[in-house]
Amino acid sequence: MNIKEILDAVQAFEIQSAHDLESFRIQFLGSKGQIKDLYGALKNVPNEDKKSVGQQINQLRQIAEDKFASFKLTFSDKNSDEDQLDLTRPSSDTLIGSHHPLSLVRKEIIEIFNRIGYVVSEGPEIEDDWHNFSALNFPPEHPARDMQDTFFVEKGENEMALRTHTSSVQVRVMENSTPPIRTISPGRVYRNEAISARAHCFFHQIEGLYIDKNVSFADLKQTLMFFAKELFGEKATIRLRPSYFPFTEPSAEVDVSCTLCNAKGCNVCKYSGWLEILGCGMVDPNVLEACGIDSNVYSGFAFGMGVERIAQLKYRVTDLRLYSENDLRFLKQFTPGN
Ligand code: DAH
């Protein structure tokens, strides 16, 4: 028997299944296998060659055993082996991230207004006085311009500040387009407030603007009614209370019926049955003119809402600080399927 021939056969043997592996074992390593035969034939080898032939057979056996061992890992009998795989075992948890509740609410609000033809527009967070105040009809001595409320980045001639509201984007849109205009502007705003459960130095707003010929207050009310029902459910109703904003005339604040208690009264609506959700009004002709729109031809309405406030109502979040603390116990509640 030729050692080289057997070595070639060992190396060429293809093992593709547990059955092949067993054939390999029987043919080469078994008690009646070819390598065993070689050891038997050793007695016929002349004495002076015995040592080197014996070493060659040992080498061959080692190669065959190594090959067998490496394939055994792959094809070992899964039903009898101790280290068998249990395919019924539940897999370990995969961590799934989630959208931030403010992102969820912003997305939902944008989708609602997209359905009635509003497009998204955005503006810078660092604004000049014109876009944040002057074009919006804020008189020079208006308290909202005060240091107490506004974070100034640069004082003096080129005054720049962190925008205090997204109404600044209205101005930019009107300056850069011709009516009809239907736009919503989501974004982050900043105010110099002490941080507490009810106030924060930054928060998010969504601004809405509609400018066309013959736009009336009734259009505004109907739009907001549609929005409230889409967001809070068919049963939701709204009420408008007269209010004041420099950039709208007339102005109103809008309450939605408390959907948490079906307007019966609860601690969230302070037992009034109503929740304030936004400010709105007809765009003041001074604002239209300041932005280059002829107020004799066009009219329009605007509204602005706080995203934190709406998320608070939808998810019953009672402390504004939770939104920015990144506490996983809070954020995990918004993972889909939770
Ligand atoms: N900018 C106002 C605020 O920050 C919200 C607002 C009120 C926006 C009335 C409007 C509006 O567009 O018409 O409190």
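A polar contact is a pair of N or O atoms within 3.5 Å. The exercises below apply to a predicted model.

**Exercise 1.** Find which protein atoms lie within polar-contact distance of the ligand, starting from F303, H165 and S167.

*Solution.*
Step 1. Take F303: one of its backbone N or O atoms lies 3.3 Å from a ligand oxygen. The cut-off is 3.5 Å, so a pair of N or O atoms at this distance qualifies.
Step 2. Turn to side chains. An N or O atom in the side chain of H165 is 3.0 Å from a nitrogen of the ligand. For the side chain of S167, the distance from an N or O atom to a ligand nitrogen is also given as 3.0 Å.
Step 3. Consider the cover. The ligand taken alone exposes 350 Å², of which the protein buries 88%.

**Exercise 2.** Describe the shell around the ligand by position and by class.

*Solution.*
Step 1. The shell has 15 residues, and those that come nearest are H165, S167, R191, Q205 and E207.
Step 2. At least two shell residues are supplied by each of α7 (167–176), β6 (202–212), β9 (274–283) and β10 (299–306).
Step 3. Sorted by class, the shell holds five nonpolar, eight polar and two charged residues.
Step 4. The ligand takes up the space of the largest pocket.

**Exercise 3.** Decide whether H204 is buried or exposed, and name its side-chain partner.

*Solution.*
Step 1. Locate H204: strand β6 contains this residue.
Step 2. Its relative accessible area is 15%, so H204 is buried, the limit being under 20%.
Step 3. The H204 side chain makes a polar contact of 3.2 Å with the side chain of R188.

Technical notes
Residues numbered from 1 in each chain as written. Predicted model: local features only at pLDDT ≥ 70, side-chain atom pairs only at ≥ 80, totals over all residues. Heavy atoms only, no water. Near = heavy atom within 4 Å. Polar contact = N/O pair within 3.5 Å; in protein donor to acceptor, adjacent residues only side chain to side chain. Areas by Shrake-Rupley, 256 points an atom, 1.4 Å probe, with all protein chains shown as cover. 1 Å grid on protein atoms, 1.4 Å probe; cavity = no way out; pocket = protein on both sides within 12 Å on 5 of 7 lines; lining within 4 Å. Sits in = over half its atoms within 2 Å of the grid points. Helix = DSSP H or I, 4+ residues; strand = E, 2+ residues; numbered from the N terminus. Nonpolar A, V, L, I, M, F, W, Y, C, P; charged D, E, K, R; others polar. Buried < 20%, exposed > 50% of the residue type's maximum accessible area, 1.4 Å probe, protein only.
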